[in-house]
Amino acid sequence: LANGVSNRMNIPDRFYLKPRFRALTFRHTAYILALSENQARVIELQPESEPEELRVENMPKDASTALGLRSMTSSTRDLGDASESRKNRLARYARLVDEAIAPLTNSCDYPLILVATEPLASIYRAASSACMLDESVSANPDHMGVAELAEHARPLLDAYYERELNRIKEMFQLRTDGDLMKTDISDVARAATFGAIDTAMVDFDYNINGFIDENGLVELSDAPEAYGLIDEIVKRAMAGGAKIVAVRAEA
């Protein structure tokens, strides 16, 4: 797992899931787009393995080849536009790159981190439909290996997750003030059972045993056949379409 979890022995008749929820909340995974006029590369950044450059179908080799030019400063008379500006050429190149990586980025499963220099960085942002981090690495990626690109991108991903957690905490505080948040386990179990939870924030180190019936009624119990109530509530919430945010109590 990408996160440290507490040691625990659990012998119920079902899987113990809470530690896995943390990995689903903050996956520590992203795509890195290393973009320059000379090449475009996509690197997958993962928590449990070395970063890896991906083979992307239809990815332009470089800007001039993608646009059918001898170089980015050559004439474009063969394309019927002898006055096309360099900025427009870069914009066309950016769109071709964005179309190539769209199958990876359009689902927004993982954020995209851009490594590029100006003006191409701004031009690509304007042309792209990808779920991209607001911050990018302002550096020429041409002479950077996969490991170095990952080293530059990782702090941006960590900062992104920290902002996301703070945003969720602020949302919970607002909903507490508006009586739209429940913390009592009986109320939450009932809401989860009937699909009434939008977002559940779960302390994945906390455990309490018992039973929940088909109507969401909770019975606390230390009987051998009892199971983790938090696990059961989260499973029901997920079945109802809720977003699960796994955190530690001190967060």
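Guide: Let's start with a definition: a crossing of two helices counts as right-handed if the near helix is turned clockwise from the far one by less than a right angle, and left-handed if the turn is anticlockwise. In this predicted model, helix 3 passes helix 4 in a right-handed crossing.

Visitor: What makes helix 3 oblique to helix 4?

Guide: Helix 3 (residues 86-105) and helix 4 (residues 120-127) pack at an angle of about 55°, and their axes are 9 Å apart. Roughly parallel would need an angle under 35 degrees, and roughly perpendicular starts at 65. The angle fits neither, so helix 3 is oblique to helix 4.

Visitor: Which residues in helix 3 meet which ones in helix 4?

Guide: On the helix 3 side, they include Leu90, Tyr93, Val97 and Ile101. Across from them, helix 4 brings in Leu120, Ile123, Tyr124 and Ala127.

Visitor: Okay, rings next. How many aromatic pairs are there?

Guide: The count comes to three aromatic pairs. One of them joins Tyr160 and Tyr161.

Visitor: Why is the pair of Tyr160 and Tyr161 called tilted?

Guide: Their ring centres are 5.5 Å apart, and the planes make an angle of 50°. Pairing takes centres within 6.5 Å, stacked takes planes under 30 degrees apart, and edge-to-face takes over 60. The centres pass and the angle falls between those two cut-offs, so the pair is tilted.

Visitor: And is Tyr160 buried or partly exposed, and what about Tyr161?

Guide: Buried means under 20% relative accessible area, and exposed means over 50%. Tyr161 has 11%, so Tyr161 counts as buried. Tyr160 has 24%, so Tyr160 is partly exposed.

Visitor: What makes Phe211 and Tyr227 an edge-to-face pair?

Guide: The centres of their rings are 5.6 Å apart and the planes stand at 85°, which is over the 60-degree cut-off, so edge-to-face is the right label. Phe211 lies in strand 7 and Tyr227 in strand 9, so this pair ties together parts that are 16 residues apart in sequence. Phe211 is partly exposed at 21%, while Tyr227 is buried at 8%.

Visitor: How do you know that Ile244 is buried?

Guide: Ile244 has a relative accessible area of 13%, which is under 20%, so Ile244 counts as buried. Ile244 is found in strand 10, and its C-alpha atom is 7.3 Å from that of Phe21, 223 residues away along the chain.

Visitor: What does the whole chain look like in numbers?

Guide: The protein chain has seven helices and ten strands, and 42% of its 251 residues count as buried.

Key
Residues numbered from 1 in each chain as written. Predicted model: local features only at pLDDT ≥ 70, side-chain atom pairs only at ≥ 80, totals over all residues. Heavy atoms only, no water. Helix = DSSP H or I, 4+ residues; strand = E, 2+ residues; numbered from the N terminus. Buried < 20%, exposed > 50% of the residue type's maximum accessible area, 1.4 Å probe, protein only. Phe/Tyr/Trp six-rings, centres within 6.5 Å; stacked < 30°, edge-to-face > 60°. Axes fitted to C-alpha atoms, helices over the stretch in contact; angles between N-to-C directions. Contact = heavy atoms within 4.5 Å.
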